[in-house]
Amino acid sequence: MNTQPQSDDITGGPDRFVDRVQAGPGGAMTDEVGVITGDLTVATTLQPDGQAAVAVQYTDADEWYTLTGSPTPLPHPEVLRQFHDAVLDTIQAGGGAEVPT
């Protein structure tokens, strides 16, 4: 994984994480185009309403897609890193991965 935290929220922690991941068999399910597979980039962003938005793209592509189940509420903004890690694990497992609940 290649974590790239970006910009800080008012609590001083990153409000966006970006990583590359290899999707497992069956890939990741998106709202726009269905399942995508292969080398993906995943961005998890804390939204102003406290929800986490998850977008995926084929690495180095221009288009971003919404991971099915996104956005989703977080119990607290400080768990964004752990949530992002769970998203990466879910995509690595494949099977038409969606946002973990």
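Gln 57 is placed in strand β6, which covers residues 51-58. In this predicted model, Gln 57 counts as buried because its relative accessibility is 7%, and buried means under 20%. Apart from neighbours within four places in sequence, the contacts of Gln 57 are with Asp 39, Leu 40, Thr 41, Asp 62, Glu 63 and Trp 64. One of these partners, Asp 39, also takes part in a salt bridge, described below.

The setting of this residue is a protein with one helix and eight strands. Read from the N terminus, the order of the elements is β-β-β-β-β-β-β-β-α. The protein has 101 residues, of which 41% are buried. Among contacts with a separation of 6 or more, 45% are between residues 24 or more positions apart. The exposed surface of the protein comes to about 5200 Å², and carbon and sulfur atoms supply 51% of this area.

Confidence in the prediction was also considered. The mean pLDDT of the protein is 90, and a value of 70 or more is reached by 87% of the residues. Over residues 1-12, however, the pLDDT is below 50, although this stretch has 29 contacts in the model beyond near neighbours in sequence.

The count of salt bridges in the model is three. In one of them, the side chain of Arg 81 meets that of Asp 19, with an N to O distance of 3.6 Å. This pair links distant parts of the chain, since Arg 81 belongs to helix α1 (residues 80-93) and Asp 19 to strand β2 (residues 14-22), 62 residues apart. The two partners can be described by their accessibility. Asp 19 is buried, with a relative accessibility of 1%, whereas Arg 81 is partly exposed, with a relative accessible area of 22%. The value for Arg 81 is therefore assigned to the class between the cut-offs of under 20% for buried and over 50% for exposed.

A salt bridge also joins the side chains of Arg 81 and Asp 85, at 2.4 Å from N to O. Both residues lie in helix α1, and the four residues that separate them in sequence correspond to about one turn of the helix. Asp 85 is partly exposed, its relative accessible area being 28%. Through salt bridges that share partners, Asp 19, Arg 81 and Asp 85 are joined into one network.

The side chains of Asp 39 and Arg 20 likewise meet in a salt bridge, with an N to O distance of 2.3 Å. Asp 39 lies in strand β5 (residues 39-46) and Arg 20 in strand β2, so this pair ties together parts of the chain that are 19 residues apart in sequence. Asp 39 is partly exposed at 28% relative accessibility. Arg 20 is also partly exposed, with a relative accessible area of 40%.

A further site concerns Gly 26, which is located in the loop between β2 and β3 (28-30). Gly 26 is partly exposed, with a relative accessible area of 40%. Although Gly 26 and Gly 95 are 69 residues apart in sequence, their C-alpha atoms are 4.2 Å apart in space. When residues up to four places away in sequence are not counted, Gly 26 touches Val 35, Thr 37, Gly 95 and Gly 96.

Key
Residues numbered from 1 in each chain as written. Predicted model: local features only at pLDDT ≥ 70, side-chain atom pairs only at ≥ 80, totals over all residues. Heavy atoms only, no water. pLDDT = per-residue confidence, 0-100. Contact = heavy atoms within 4.5 Å. Helix = DSSP H or I, 4+ residues; strand = E, 2+ residues; numbered from the N terminus. Buried < 20%, exposed > 50% of the residue type's maximum accessible area, 1.4 Å probe, protein only. Salt bridge = Lys/Arg side-chain N within 4 Å of Asp/Glu carboxyl O. Areas by Shrake-Rupley, 256 points an atom, 1.4 Å probe, with all protein chains shown as cover.
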